[in-house]
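Biologist: I am new to this structure and would like a close look at one part of it. Could you start with a single loop residue and then place that residue in the wider picture of the chain?

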Amino acid sequence: MGWLPFSFIDLLDIIVVGFLLYYVYDTLRKSGSGSLFIGIVAFLFLWVLTSRVLNMRILGGFMNTLMSASIFILVLLFQDEIRRFLNMLGSTQRWQFLRKIFKPDRDEKETRLSGQVAMLTFACTNMARKKTGALIVIEGETSLDTYIHTGELINADINSRLIEALFFKNSPLHDGAVIIRGFKVVAAGCILPVAQDSEIPKEMGLRHRSGLGMSQQTDARVIVISEERGKISLAYRGELIANADSEQLQKFLSPTFSDLADIGELASATTKL
């Protein structure tokens, strides 16, 4: 292998760095900070040009001073993104083999999952018909403990009547989000991050912005029901499908779901942010 201009380690190094740069850009783009990433790249290019290529003493020295403090500046600017990245590294998906050891009987689990999908679908379609606003978050691999503790702990089995009662307009918890983990409604009245993207349609209310913001920052599946229009929207990984029907909702809630593209028919109504 001595005839190659670079080693396998060099190639692996390039691939890993390229992946990390793409992940950083994609994360910042979905959180509405894509232009900030481009600004950082432009600053790095200017630093190399002035201090390494042109050897400009004054401007190069100034840029070197900024670079020495860049780590603290970046931590302040991207503290939320850094936290999401660390959450991804600690995701339970890395320990799937442990979950397989302790998981319940497969038939029992499949029965509970089908029952959960049925109850959530019934509750959502019923609330949409009554024009009851709702915001439901189903935890994925990323822990939602940070958001769970902003609401009231429930820790109850999933039940369509319970969900409808929590979002009843006279309920003290109806304005927040319900968070579901596994087979439990763990909390209600939770506060979610609000998406700030300029591309978001102006007609979207706070529920839609919160649902979309949650989908941008975590891998959770989010269901939003409009109080004004009585329509169901689905949010995942920074994408939103508006006016979803019950069949699409069932596919969204299915344990085999992996991407909004799997739902299919309303591709033209999909908003990717």
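Modeller: S171 is found in the loop between helix 9 (160-166) and strand 3 (177-181), where helices (H or I, at least four residues) and strands (E, at least two) are DSSP runs numbered from the N terminus. This is a predicted model, in which local features need pLDDT of at least 70 and side-chain atom pairs count only at pLDDT 80 or more, while totals for chains, interfaces and linings use all residues. Residues are numbered from 1 along each chain as its sequence is written, and side-chain values use heavy atoms, with hydrogens and water left out.

Is S171 buried or exposed? S171 counts as buried because its relative accessibility is 11%, the term buried meaning under 20% relative accessible area, exposed over 50%, and partly exposed in between (1.4 Å probe, protein chains only). If its neighbours within four places in sequence are left aside, S171 is in contact with A165 and L166, contact meaning heavy atoms within 4.5 Å.

Helix 9 (160-166) borders this loop, and I163 is a useful next stop. Leaving aside its neighbours within four places in sequence, I163 is in contact with L120, A123, M127, I136 and I158. I163 also belongs to the largest nonpolar core, where I136, I163, I180, I223, I225, I232 and L234 touch the most other members among 29 residues; such a core is a set of buried Ala, Val, Leu, Ile, Met, Phe, Trp, Tyr and Cys residues joined through side-chain atoms within 4.5 Å. Helix 7 (residues 106-129) gives this core its largest share, six residues. Apart from that core lies another, of 20 residues, including L144, C190, L192 and L212.

C190 leads on to the cysteines. C190 counts as buried because its relative accessibility is 4%, and C124 is buried too, with a relative accessible area of 0%. A search of the whole structure nevertheless finds zero disulfides, a disulfide being a pair of cysteine sulfur atoms within 2.5 Å.

L212, another member of the 20-residue core, is also one of the buried residues of helix 10, among them H208, G211 and M214. Helix 10 (residues 206-217) is mostly covered, since ten of its twelve residues are buried. From its first C-alpha to its last, helix 10 reaches 16 Å, close to the 16 Å expected at 1.5 Å a residue, the expected span being 1.5 Å times one less than the number of residues.

Elsewhere, the count comes to two aromatic pairs, for which rings of Phe, Tyr and Trp (its six-membered ring) must have centres within 6.5 Å, with planes under 30 degrees apart counting as stacked, over 60 as edge-to-face and the rest as tilted. The pair of Y236 and F257 is edge-to-face because the ring centres lie 5.1 Å apart and the planes stand at 75°. This pair links distant parts of the chain, 21 residues apart, with Y236 in strand 6 (residues 232-236) and F257 in the loop between helix 11 (246-253) and strand 8 (270-272). F252 and F257 form an aromatic pair that is edge-to-face as well, with 5.0 Å centre to centre and 70° between the planes, and both F252 and F257 are buried. Ring pairs thus link Y236, F252 and F257 into a cluster.

For the wider setting, the chain has eleven helices and eight strands, and 38% of its 273 residues count as buried.
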